[in-house]
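I opened this entry to record what I looked up, step by step, and to keep each reading beside the place it came from.

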Amino acid sequence: MKARPHSVDTLHKARKTNNSGTRIRPNGGNLTVKKYESDALGFTIEIDYDKCIGAGECVDVCPTEVYELVDGKSAAPNIDECIECCACVEACPTQAIKHTSC
Ligand code: SF4
Ligand code: SF4
């Protein structure tokens with residue numbers, strides 16, 4: 001059997017995110033996760049696009065305007081403004097957000 005061109009690990013290692021985030025597509029699955037890293041602050045936010053329903057609770061609740069909706073899905077272009085309050089994780093109705101500090 002032919003090896004798949006990209007393993008999840010490979011993609012994780014390959015990604016070097018900035019404020020535009022990086023999409024991670026595990027082999028053969030439908031899951032699509034957009035990952036943002038704050039190099040300055042040392043944490044990561046992942047948004048699972050399969051779970052995000054785009055209602056914008058994260059946008060509304062974040063006190064520092066980290067999030068915005070792009071094409072009906074959440075994005076976190078301003079991750080460096082995050083104060084690690086975890087309100088976004090708690091507010092998301094579909095558990096689409098993973099924050100390494102929360
Ligand atoms: S943890 Fe708080 S400050 Fe950081 S993105 Fe979530 S709501 Fe915004
Ligand atoms: S709160 Fe959750 S479901 Fe709603 S837009 Fe944000 S990430 Fe998507």
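I began with the hairpin, at one of its residue pairs: Ser38 stands opposite Phe43 in S3. Before going further I noted that I am reading a predicted model, in which local features are taken up at pLDDT of at least 70.

**Hairpin and its neighbour strand**

I followed the pairing and found that S2 and S3 run in the antiparallel sense over six bridges, with Glu37 having Thr44 as its bridge partner in S3. The two strands form a hairpin with four residues between them, and in the turn I found Gly42 with a positive phi of about 80 degrees. I then asked myself which strand pairs with S3 over three bridges. The partner is S6, residues 97-99, and the sense is again given as antiparallel; here I noted Ile45, whose bridge partner in S6 is His99.

**Core**

Next I looked up the largest nonpolar core, which has 17 residues, and listed Ile47, Tyr67, Ala76 and Ile97 as those with the most contacts inside it. Strand S2 (33-38) and strand S3 (43-48) are the elements that give two or more residues to this core, so I went back to S2 to check its burial, and found it largely enclosed by the rest of the structure because five of its six residues are buried. I wrote a general remark beside this: in soluble globular proteins, nonpolar side chains tend to be buried together.

**Whole chain**

I took stock of the chain, which has three helices and six strands and follows the pattern α-β-β-β-α-β-β-α-β when read along the sequence. Of its 102 residues, 24% are buried. Among contacts between residues at least 6 apart in sequence, I noted that 38% join residues at least 24 apart.

**Ligand surroundings**

For ligand 1 I looked up a shell of 13 residues, of which Cys62, Val66, Cys82, Cys85 and Cys88 are the closest. By class, I entered this shell as 10 nonpolar, two polar and one charged. For ligand 2 the shell has 15 residues, and Cys52, Glu57, Cys58, Ser74 and Cys92 come nearest; I entered its classes as 10 nonpolar, four polar and one charged.

**Positive phi outside glycine**

I then turned to backbone angles, starting with Asp71, which is not a glycine and yet has a positive phi of about 50 degrees. Asp71 sits in the loop between strand S4 (68-70) and strand S5 (73-75). Is Asp71 buried or exposed? I counted it as exposed, because it has 7 C-beta neighbours inside 10 Å and the limit for that class is 12 or fewer.

Cys86 is another residue other than glycine with a positive phi, in this case near 75 degrees, and I placed it in the loop between S5 and helix H3 (87-91). How many other C-beta atoms lie within 10 Å of Cys86? I noted 13, so Cys86 is partly exposed.

Key: Residues numbered from 1 in each chain as written. Chains lettered and ligands numbered in written order. Core = buried A, V, L, I, M, F, W, Y, C linked by C-beta atoms within 7 Å. Buried ≥ 20, exposed ≤ 12 C-beta atoms within 10 Å, placed from the backbone. Pairing = 2+ DSSP bridges. Near = placed C-beta within 6 Å. Nonpolar A, V, L, I, M, F, W, Y, C, P; charged D, E, K, R; others polar. Contact = placed C-beta atoms within 7 Å.
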